[in-house]
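The report below describes selected features of one model, moving from a helix to a sheet and then to the enclosed and open spaces. It is best read with the structure in view.

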Amino acid sequence: MSPRLWNILAGLFVATCVAAATAAPSAAAALQVAVLENSPPMSFRDAGGRLTGFSIEVARAVCAEMKVQCEFQVTVLDRVVDALAGGEIDIAAVSLLDTPERRRRILLAQPHFRSITLWFARPGVEPGQRGLRVAVVKGSAQETYARKQNWDTVGVPTRGELGAPLLAGIAQAAVVPMNTSLHLQNNKDFRQLGLAATVMTVPELVGNASFGINPRRPELKIAVDDALEHIKRNGVYERINTQFLPFRVH
């Protein structure tokens with residue numbers, strides 16, 4: 001090899017090493033976190049348009065504990081499982097009841113609260129009564145249960161809209177997660193309907209609620225579970241619970 005060619009190659013090698021040594025490390029890709037925006041008090045937009053609520057603030061605390069950047073993507077419940085199973089999102093910061101159908105398709109983080117479901121209807125109107133139309137949220141465990149019972153349902157996209165079919169007279173009953181019922185009962189027009197709330201004790205509608213995890217990211221489930229454990233121990237979870245809900249949920 002000629003001295004001139006050797007000098008050229010040596011110069012290229014040194015330049016490459018210097019560039020590699022001085023280049024800033026690439027930032028880790030942000031986690032894509034699906035959230036709802038009309039499911040108060042769990043997730044909603046405040047007066048300034050900022051996403052907040054119990055589930056969203058728990059998600060923020062989990063991301064901070066994991067020391068990762070998270071980007072929120074607004075979605076509807078009916079899209080959550082498909083988006084996780086398809087790898088479109090990493091985490092769904094949504095209260096998902098643990099059901100066999102969901103476990104077949106996605107991973108679930110450790111439970112962060114316990115959920116119950118309420119039946120809203122006029123006194124004496126029972127689940128399954130003939131002629132009833134029942135309001136449910138599309139993609140919810142409540143909708144799945146109602147369909148299995150062959151009930152006539154009226155599906156709405158978000159939990160914040162559950163009262164609309166009842167107020168309009170389109171539905172005569174609703175199957176409602178307990179936390180959503182807090183929002184409904186704050187509505188004066190809804191209260192004037194005179195509906196009674198009854199706890200539904202069927203196993204499919206009572207149980208642990210969790211964030212969903214992309215099934216291709218089992219290591220992420222471990223990290224989220226660890227972060228949830230830590231914020232429960234250090235008081236952050238308790239603070240969020242007190243801020244958004246009038247009772248302890250874990």
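## Helix α2 and the residue after it

K67, just after α2, takes a positive phi of about 60°. The model in which this is seen is a predicted one, and every value in this report is to be read in that light. The helix α2 itself covers residues 54–66, thus 13 residues, and from its first C-alpha to its last it reaches 18 Å, close to the 18 Å expected at 1.5 Å a residue.

How many of the 13 residues of α2 are buried? Ten of them are, so the helix is largely enclosed by the rest of the structure. The buried residues are F54, S55, I56, E57, V58, A59, A61, V62, C63 and M66, where buried stands for under 20% relative accessible area. In an α-helix there are 3.6 residues a turn, so residues three or four places apart point the same way.

## The five-stranded sheet

Five strands make up an open sheet of mixed pairing, and their order is β11-β10-β12-β9-β13. The edges are occupied by β11 (152–156) and β13, each of which has a single partner strand, so one side of each is left without a neighbour in the sheet. From one strand to the next the twist averages 30°.

Strand β9 (117–121) can be followed through its two pairings. With β13, β9 pairs in the antiparallel sense over five bridges; within this pairing A121 stands opposite A196, and T117 stands opposite M200. Strand β12 (residues 173–177) is likewise joined to β9 by five bridges, and these two strands run antiparallel. Here W119 has V175 of β12 as its bridge partner.

Is β9 mostly covered or mostly exposed? It is mostly covered, since five of its five residues are buried. In a regular strand the side chains alternate between the two faces of the sheet. For β9 both faces are covered, with T117, W119 and A121 buried on one side and L118 and F120 buried on the other.

## Cavities

A search of the whole structure finds three cavities of 30 Å³ or more, and the two described here are the largest, with about 120 Å³ of space, and the second largest, with about 40 Å³.

The lining of the largest cavity consists of 14 residues, and those nearest its centre are S95, F113, S115, R159 and P177. At least two lining residues come from each of β6 (91–97), β8 (113–115), α5 (141–148) and α7 (178–185).

The second largest cavity is lined by L36, S39, M42, S43, S55, A93, V94, S95 and R159. Its largest share, three residues, is supplied by β6. S55, which appears in this lining, is also one of the buried residues of α2, while S95 and R159 take part in this lining and are among the residues nearest the centre of the largest cavity.

## Pockets

The largest pocket has a volume of about 440 Å³. Of the 24 residues lining it, T99, E101, R102, A141 and T144 are the closest to its centre. The elements α3 (77–85), α4 (100–103), α5 and β14 (207–213) each give at least two residues to this lining, and the largest share, six residues, comes from α5. Helix α5 also supplies at least two residues to the lining of the largest cavity.

For the second largest pocket the volume is about 180 Å³. It is lined by 15 residues, with W119, V125, E126, P127 and T198 nearest its centre. Two or more of the lining residues are given by each of β9 and β13, and β13 gives the most, with four residues. W119 thus joins two parts of this description, being a residue near the centre of this pocket's lining and the bridge partner of V175.

The make-up of the four linings is set out below.

| Space | Nonpolar | Polar | Charged |
|---|---|---|---|
| Largest cavity | six residues | six residues | two residues |
| Second largest cavity | four residues | four residues | one residue |
| Largest pocket | eight residues | six residues | ten residues |
| Second largest pocket | ten residues | three residues | two residues |

Key
Residues are numbered from 1 along each chain as its sequence is written. This is a predicted model: local features need pLDDT of at least 70, side-chain atom pairs count only at pLDDT 80 or more; totals for chains, interfaces and linings use all residues. Side-chain values use heavy atoms; hydrogens and water are left out. On a 1 Å grid over the protein atoms alone, a cavity is a set of points where a 1.4 Å probe fits but cannot get out, and a pocket is an open set with protein on both sides within 12 Å along at least five of seven lines; lining residues have an atom within 4 Å of a point. Grid points are joined across faces, edges and corners, and a volume is the space filled by probe spheres set on the points. Ala, Val, Leu, Ile, Met, Phe, Trp, Tyr, Cys and Pro count as nonpolar, Asp, Glu, Lys and Arg as charged, and the others, Gly among them, as polar. The expected span of a helix is 1.5 Å times one less than its number of residues. Buried means under 20% relative accessible area, exposed over 50%, partly exposed in between (1.4 Å probe, protein chains only). Two strands pair if DSSP finds at least two bridges between them. Axes are lines fitted to C-alpha atoms, for helices over the stretch in contact, and angles run from 0 to 180 degrees between N-to-C directions.
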